[in-house]
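Welcome, and please have your viewer ready. We will go from selection to selection, pausing at each stop to see what is there.

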Amino acid sequence: MGYDVQRFEGDVDEELLCPVCHQVLEDPLQIPQCEHAFCAACIREWLARNDSCPVDRTAVTSDQLKPVPRILRNLLARLKISCDNGVHGCAAVVKLDALRSHLEECEHNPKRPVECVVGCGLVVPKDELEEHNCVRELRAVVQAQQTRSCRADAAMANMKQQVEELKSELGMLKDYVRAMRVTSPNPSPSLRAIEDELEHSEVVRWVNTVPLARVTRWGGMISTPDAVLQAVIKRSLIECHCPSHILTELMENAHERNWPPGLNTLETRQMNRHNYEQYVTRRIPGKQAVLVMSCENMHMGDVLIVEPGIVMIFAHGIE
C-alpha cells in the first residue's frame with residue numbers, strides 16, 4: 001500500500017500515484033514492457049493472483065519487475081509528507097526520502113525503543129513502558145539465556161562424543177596399518193607413509209591442545225634433569241594425553257645429550273641464545289617446563305630442533 005495523499009503538502013502529480021491503491025507510490029516497481037509503476041506491495045499482491053498489468057493487461061511476472069527510473073525516484077523524494085505519528089502529537093513535515101530516518105528518532109513514535117527508567121536496563125517500546133514489569137522481563141531474559149546455555153551444553157556434549165568416536169576410529173585404523181606392516185614380510189613404502197601421516201596428524205592435533213608458553217628466563221634452563229624430575233614431567237605428559245609413540249623420545253630429549261648441536265653444550269647454548277625467542281613453546285601443564293615441538297619449529301633448522309621435539313625444564317621463568 002502507498003502513502004495517503006492527504007498527508008502531503010500541495011498537489012501530487014497523478015504520475016506519482018499507484019494505479020492499484022490510488023495512493024502515493026511506496027517502494028515503487030515498474031513493469032518494463034509498458035512502463036507502468038506501482039507500489040511494490042500492491043503489484044506483488046496483484047501478480048500473485050494475475051499474470052498481467054493491472055492497467056493495460058500486458059503479460060508480466062513478478063520476476064520481470066524492475067526499479068523505476070531515477071527521475072521518478074527523485075520526484076517522489078522531493079515530496080513533503082507529515083509524520084506517521086501526527087495522531088500522537090508530532091507536527092513535523094519532512095521530505096519523503098527522510099521520513100524513515102525521522103521515524104526512527106521521532107519522540108512521538110509509540111514504538112520508539114526507550115530504556116527502562118526503573119533501573120533494570122532493558123530497552124522496550126515506548127508505548128509498553130507503563131506496563132513493563134522489570135522482574136517478569138528479567139526472569140524471561142534469564143530463562144532464555146538458560147535455554148541457550150542448555151542447548152550449547154548439549155551441542156558441546158554431542159561434539160565431544162563425535163570427537164571420541166573419531167579418535168577411536170583413528171586408533172583402529174592405526175592398529176590395522178601397524179598389523180599389516182608386522183604381518184607383511186615386505187611392507188610397501190606407501191603403507192609406511194600412511195602410518196607416518198597418521199602419527200604426524202595425531203601429534204599436530206595434540207600439540208594444538210597444549211597451551212602456548214612464554215619463557216622469561218632462559219638462564220633458568222635445567223639441561224641435565226635427574227630421573228625423579230624426568231619422571232614428574234613424564235607423568236604430566238601422560239596426563240595431558242601425549243601420543244604414546246612419541247612419549248619416550250620426548251623424555252629422552254629432555255637431556256642435553258640428545259639435544260641438537262646448537263643446544264647440547266653450555267657454549268653452544270650461549271652462542272645461540274639470541275635465537276631462543278623464535279621458538280614456539282607449549283607449557284607442560286602445571287610444571288616449569290615447555291615443549292618445543294618439531295612440527296611448529298621447522299623454521300629453527302636442524303641446529304636448534306630435533307624430531308619429534310625437545311622438553312626443556314626450568315627452575316623458574318615460565319608464563
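Start by selecting Glu-35, which counts as exposed because its relative accessibility is 58% (buried means under 20% relative accessible area, exposed over 50%, and partly exposed in between, with a 1.4 Å probe and protein chains only). Before going on, note that this is a predicted model, in which local features need pLDDT of at least 70 and side-chain atom pairs count only at pLDDT 80 or more, while totals for chains, interfaces and linings use all residues. Residues are numbered from 1 along each chain as its sequence is written, and side-chain values use heavy atoms, with hydrogens and water left out.

Stay with Glu-35 and check its backbone: phi is near 65°, a positive value in a residue other than glycine. Most residues other than glycine have a negative phi. Glu-35 belongs to the loop between S1 and S2 (helices are DSSP runs of H or I with at least four residues, strands are runs of E with at least two, and both are numbered from the N terminus).

**The sheet around that loop**

Next, select strand S1, residues 28-30, together with S2: the two pair in the antiparallel sense over 3 bridges (strands pair if DSSP finds at least two bridges between them). Which residue in S2 stands opposite Leu-29? It is Phe-38.

Now widen the selection to the open sheet of 3 strands, whose order is S2-S1-S3 with antiparallel pairing. Strand S2 (37-39) and strand S3 (66-67) are the edge strands, each pairing on one side only. Add helix H1, residues 40-47, which packs on this sheet and touches S1 and S2 (contact means heavy atoms within 4.5 Å). The direction of H1 makes about 95° with that of S2; axes here are lines fitted to C-alpha atoms, for helices over the stretch in contact, and angles run from 0 to 180 degrees between N-to-C directions.

**A patch on the surface**

Move to helix H4, residues 134-183, and pick out Tyr-176. Tyr-176 is exposed, because its relative accessible area is 52%. Add Leu-173 and Met-180: with Tyr-176 they form a nonpolar patch on the surface, with about 280 Å² of accessible area together. Patches are made of residues with over 30% relative accessible area and no salt bridge, where like charges are joined within 9 Å and nonpolar side chains (Val, Leu, Ile, Met, Phe, Trp, Tyr) within 5 Å. A salt bridge is a side-chain nitrogen of Lys or Arg within 4 Å of a carboxyl oxygen of Asp or Glu, and accessible areas come from the Shrake-Rupley method with a 1.4 Å probe, where for residues only the protein chains shown count as cover.

**From Pro-211 to a second sheet**

Select Pro-211, in the loop between helix H5 (189-207) and strand S8 (221-222). At a relative accessible area of 45%, Pro-211 is partly exposed. Which residues is Pro-211 in contact with, leaving aside its neighbours within four places in sequence? They are Thr-281, Arg-282 and Arg-283.

Follow that contact into strand S9, residues 282-283, which 2 bridges join to S10 in an antiparallel run. Arg-282 stands opposite Leu-291 in S10. S9 and S10 form a hairpin with 5 residues between them, and Gly-286 in the turn has a positive phi of about 75°.

Is S10 mostly covered or mostly open? S10 is mostly covered, with 5 of its 5 residues buried. Ala-289, Leu-291 and Met-293 point one way from the strand, while Val-290 and Val-292 point the other way. On to S11, which 5 bridges join to S10, again antiparallel; here Leu-291 stands opposite Val-311.

Show the open sheet of 4 strands, in the order S8-S11-S10-S9, with antiparallel pairing. S8 and S9 stand at the edges, each with a single partner strand, so one side of each is left without a neighbour in the sheet. Then add H6, which packs on the sheet and touches S8, S10 and S11, its direction making about 120° with that of S11.

**Two last backbone stops**

After helix H6 (227-239), in the loop that leads to helix H7 (244-252), select His-241. Its phi is near 70°, another positive value in a residue other than glycine, and His-241 counts as exposed because its relative accessibility is 63%.

Finish at Pro-308, in the loop between strand S10 (289-293) and strand S11 (309-314). The peptide bond from Glu-307 to Pro-308 is cis, with omega near -10°. Most peptide bonds are trans.
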